[in-house]
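Let's take a walk through this model together, moving from the inside outward. Keep the viewer open as you read.

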Amino acid sequence: MKIDVLPVFGKQTDNQLQDTTVVVVDVLRATTSIICALNGGAIKVVPTVDAGDAVALASRLGSRECVLGGERGGIKISGFDIGNSPKEYLSRTVKNKTVIISTTNGTGALHSVKSAEKILIGAMINRTAVAKAASCEGHDILIVCAGTDGQPSADDLCTAGAIIDAVRGYATIRPGDLSDMALICEALYNGWKEERFDISKTFHYSRLTGLGFDEDVKFCFTPDTTETVPQYRDGVIIK
Ligand code: 3SL
Ligand code: MG
């Protein structure tokens with residue numbers, strides 16, 4: 001089983017998405033929040049790239065049916081019900097509702113791979129569960145990272161490494177199966193786990209703590225707190 005990591009979405013070829021299980025990662029914070037929405041009882045999550053599309057869909061469905069969530073630059077979009085804190089998505093607000101979410105990078109990453117047959121939602125909180133689900137598919141795995149504003153983001157790369165490390169428990173990985181980027185991500189994860197690499201100094205992580213989201217980043221970087229592995233299909237994310 002070959003494993004590759006795309007450090008920033010958007011550069012994959014259609015070939016790379018064929019016969020491949022795709023895992024989309026935006027650990028800070030979109031994919032973590034999406035997992036939380038489904039754990040919080042949301043019926044489904046609809047990701048949109050454009051905030052205006054999210055608003056239009058929400059007004060079609062009506063406020064009884066849906067919750068409108070999202071951020072730009074980490075801050076809740078004006079007029080939206082909630083921002084992008086995972087804990088907002090675990091709250092009663094989302095129970096039995098359709099969650100419509102638009103975020104700076106994460107929802108773009110999801111849209112960029114929508115032609116793939118199997119798309120799983122990955123984060124640190126479900127790293128072992130998503131690794132197991134991806135391994136069980138028996139195809140090669142491509143981890144697509146959201147990145148931050150078009151640049152690779154250490155938080156996503158570290159999470160990709162955490163997922164690859166967990167895949168080792170479910171599949172045989174032979175020499176040459178991991179791409180250089182996959183090996184780099186795994187090394188980064190091991191550095192973080194062994195406290196040699198301080199993730200809190202990296203750009204997006206420290207931007208979020210600067211905005212007061214210390215609890216969020218701690219939550220997002222606590223491994224294996226859930227077994228939920230959402231799937232993205234036909235524009236909708238379900239458990
Ligand atoms: O980029 C995204 O999609 C967001 O998850 C970014 S933030 O963590 O909410 O700032
Ligand atoms: Mg991110």
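Val67 has Val99 as its bridge partner in β6. That contact belongs to a longer run, since strand β4 (residues 66-72) and β6 are parallel and joined by 5 bridges. β6 also pairs with strand β3 (residues 44-47), again in the parallel sense, over 4 bridges. There, Val46 is matched with Ile100 of β6. Please keep in mind that you are looking at a predicted model.

How many of the residues of strand β6 (residues 98-102) are buried? The count is 5 of the 5, so the strand is largely enclosed by the rest of the structure. In a regular strand, side chains alternate between the two faces of the sheet. For β6 you can follow each face in turn: Thr98, Ile100 and Ser102 are buried on one side, and Val99 and Ile101 are buried on the other. Both faces of β6 are therefore covered, with buried meaning under 20% relative accessible area.

Next, turn to helix α2 (residues 30-39), which is mostly covered, with 9 of its 10 residues buried. Among those buried residues are Ala30, Thr31, Ile34, Ile35, Cys36 and Leu38. After α2 comes Gly41, which has a positive phi near 100°.

Cys36 invites a look at the cysteines. The structure holds 0 disulfides. Cys36 takes part in none, and the nearest cysteine sulfur, belonging to Cys220, is 7.4 Å away. Cys185 is likewise in no disulfide; its nearest cysteine sulfur is that of Cys145, at 5.9 Å. A disulfide needs the two sulfur atoms within 2.5 Å, so a sulfur 5.9 Å away does not qualify. Both cysteines are shielded: Cys36 counts as buried at 1% relative accessibility, and Cys185 counts as buried at 0%.

The magnesium ion (ligand 2) is worth a stop too. Which protein atoms act as its donors? They are an OD atom of Asp26 and the O atom of Leu28, lying 2.0 to 2.3 Å from the ion. Asp26 and Leu28 are both buried.

Now for the nonpolar interior. In soluble globular proteins, nonpolar side chains tend to be buried together. Here the largest nonpolar core has 40 residues, and Val23, Ile143, Val167 and Phe221 have the most contacts inside it. The elements that give two or more residues to this core are β1, β2, α6, β8, α7, α8, α9 (203-210) and α10 (214-220). The largest share comes from α7, with 9 residues. Val167 is a good residue to center on: leaving aside residues up to four places away in sequence, it touches Met1, Ile3, Ala131, Ser135, Ile141 and Ile173. Another core lies apart from this one, with 30 residues, among them Ala42, Val94, Ala116 and Leu142.

Two of the residues touched by Val167, Ala131 and Ser135, are also on the list of buried residues of α6, together with Arg127, Ala129, Val130 and Ala134. What covers the buried residues of α6 includes β2 (20-25), β7, β8 (140-145), α7 and α8. Gly138 follows α6, with a positive phi near 80°.

The charged side chains complete the tour, with 10 salt bridges found across the whole structure. Arg127, one of the buried residues of α6, is linked with Asp165 and Asp224 in a network of salt bridges. At Glu137, a salt bridge joins this residue to Lys118, with the closest N and O atoms 3.5 Å apart. This pair links distant parts of the chain, with Glu137 in helix α6 (residues 127-137) and Lys118 in strand β7 (residues 118-122), 19 residues apart. Glu137 is partly exposed, at a relative accessible area of 33%.

Lys2 and Asp177 also meet in a salt bridge, at 3.8 Å from N to O. They are 175 residues apart: Lys2 is in the segment before β1 (3-6), and Asp177 is in the loop between α7 (154-167) and α8 (180-193). Lys2 counts as partly exposed at 46% relative accessibility, whereas Asp177 is buried at 9%. Finally, Lys201 forms a salt bridge with Asp198, with their closest N and O atoms 3.0 Å apart. Here Lys201 counts as exposed at 66%, and Asp198 as partly exposed at 36%.

Key. Residues numbered from 1 in each chain as written. Chains lettered and ligands numbered in written order. Predicted model: local features only at pLDDT ≥ 70, side-chain atom pairs only at ≥ 80, totals over all residues. Heavy atoms only, no water. Salt bridge = Lys/Arg side-chain N within 4 Å of Asp/Glu carboxyl O. Buried < 20%, exposed > 50% of the residue type's maximum accessible area, 1.4 Å probe, protein only. Donors = N, O, S within 2.8 Å, 3.2 Å for Na, K, Ca; no water. Contact = heavy atoms within 4.5 Å. Core = buried A, V, L, I, M, F, W, Y, C linked by side-chain atoms within 4.5 Å. Pairing = 2+ DSSP bridges.
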